[in-house]
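Reader: Please take a close look at one part of this model, working from its edges toward its interior. I would like a careful, connected account rather than a list.

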Amino acid sequence: MAAAGAGAFTVTRAPLITMAEGDLGTTGPRILVGYDSQYGSTGEVAVTVGQALAERARVSVRHLSHVDSVDDFDAIVVGAPVQQNRWKASATQWLGDHGTAISAVPWAIFLTSMSFGISPDRAGQTVAKQQLLAAAARVVPSPPKASAPFGGFLDYGRMAPANAAFYMLMAADDTAGDFRDFAEVTRWARKIGPLLLKP
Ligand SMILES: Cc1cc2nc3c(=O)[nH]c(=O)nc-3n(C[C@H](O)[C@H](O)[C@H](O)COP(=O)(O)O)c2cc1C
């Protein structure tokens with residue numbers, strides 16, 4: 001019997017990527033936790049932020065592509081992954097498009113990043129990523145009340161093979177893994193609650 005050669009099979013695979021969305025909390029002011037994401041993991045960070053804020057507010061967690069207006073919200077938190085050493089370009093675009101409306105309410109910004117999660121130099125990474133957040137936030141006339149870098153998540157299995165190959169080529173070290181610290185995210189969200197919500 002002839003053995004099948006390496007080229008005998010074509011593997012097709014569509015990675016399952018979920019962008020989390022939902023409404024949390026029953027009373028209080030309305031907060032948007034909007035996020036951008038390519039592979040879904042920043043959405044899970046956004047949900048964690050939303051869960052903590054929902055202890056005292058009504059929270060809508062949404063992918064930014066589903067947010068046309070921020071007029072109904074009393075406060076806004078917006079997050080996105082770092083890509084090519086910048087806050088994701090489409091998130092910066094969204095922030096600029098809604099900048100005037102956002103500056104009318106208290107707002108906060110966060111990012112997810114693999115180098116922030118992996119690097120042992122947490123202090124240096126914090127400075128670098130806060131600069132990156134400040135650069136992104138400049139498109140909004142008013143400064144954010146708070147900003148935070150968080151570790152990210154990279155799973156080559158969620159990526160199209162060509163993208164995974166490209167990423168592995170570009171990355172200086174092995175960057176796959178889950179470096180999200182959800183307890184840290186919850187602590188930050190609880191801390192910024194009073195900054196976003198008037199008593
Ligand atoms: C195309 C691409 C470029 C990236 N560039 C960077 C980078 O410059 N610095 C970094 O720390 N992480 C970088 N990352 C890692 C992401 O920021 C991290 O995996 C993030 O948590 C992914 O979020 P997502 O699952 O919501 O898309 C990059 C990821 C991708 C896919």
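Author: In this predicted model, H98 sits in the loop between α2 (89-97) and α3 (99-102). With a relative accessibility of 14%, H98 counts as buried, because the cut-off for that label is under 20%. Once residues up to four places away in sequence are set aside, H98 touches V67, D68 and S69.

A second loop position gives a contrast in exposure. P141 is placed in the loop between α5 (122-137) and β7, and at 62% relative accessibility P141 counts as exposed, since the exposed label begins over 50%. Exposed as P141 is, it is nevertheless in contact with G99, T100 and S103, leaving aside its neighbours within four places in sequence. G117, by comparison, lies 24 residues from P141 in sequence and 30 Å from it in space, C-alpha to C-alpha.

These two positions belong to a chain whose secondary structure comes to seven helices and nine strands, and whose C-alpha atoms fill a box of roughly 75 × 35 × 30 Å along the principal axes. Of its 199 residues, 43% count as buried, and among contacts between residues at least 6 apart in sequence, 78% join residues at least 24 apart. The accessible surface comes to about 10500 Å², with 55% of that area belonging to carbon and sulfur atoms, while the mean positions of the 17 positive and 17 negative charges are 5 Å apart.

Turning to the interior, the largest nonpolar core has 25 residues, of which I31, V33, V49, L53, V77, F110 and W188 touch the most other members. At least two residues of this core come from each of β2 (30-35), α1 (41-53), β3 (58-63), β4 (75-83), β6, β7 and α7. V77 offers a useful view of how these elements meet: not counting residues up to four places away in sequence, V77 touches I31, L32, V33, G34, V49, L53, A108, F110, W188, I192 and L196. Apart from this core lies another, of 23 residues, among them I102, V105, I109 and A136. As general background, nonpolar side chains in soluble globular proteins tend to be buried together.

Two of the core residues named above, F110 and W188, lead on to the aromatic rings. Taking ring centres within 6.5 Å as the criterion for a pair, the count comes to four aromatic pairs. F110 and W188 form one of them, with 6.1 Å from centre to centre and 70° between the planes, and that angle makes the pair edge-to-face because the boundary for that class is over 60 degrees. This pair links distant parts of the chain, since F110 is in strand β6 (residues 107-113) and W188 is in helix α7 (residues 182-196), 78 residues apart. Both partners are buried: F110 has 0% relative accessibility, and W188 has a relative accessible area of 8%.

W188 also forms an edge-to-face pair with F150, here with 5.5 Å between the centres and 75° between the planes. This pair, too, links distant parts of the chain, with F150 in strand β7 (residues 146-151) and W188 in helix α7, 38 residues apart. F150, at 3% relative accessibility, counts as buried as well. Taken together, F110, F150 and W188 form one aromatic cluster, in which W188 is paired with F110 and with F150.

Definitions and conventions: Residues numbered from 1 in each chain as written. Predicted model: local features only at pLDDT ≥ 70, side-chain atom pairs only at ≥ 80, totals over all residues. Heavy atoms only, no water. Phe/Tyr/Trp six-rings, centres within 6.5 Å; stacked < 30°, edge-to-face > 60°. Helix = DSSP H or I, 4+ residues; strand = E, 2+ residues; numbered from the N terminus. Buried < 20%, exposed > 50% of the residue type's maximum accessible area, 1.4 Å probe, protein only. Contact = heavy atoms within 4.5 Å. Areas by Shrake-Rupley, 256 points an atom, 1.4 Å probe, with all protein chains shown as cover. Lys, Arg positive; Asp, Glu negative; His and termini not counted. Charge placed at Lys NZ, Arg CZ, Asp CG, Glu CD. Core = buried A, V, L, I, M, F, W, Y, C linked by side-chain atoms within 4.5 Å.
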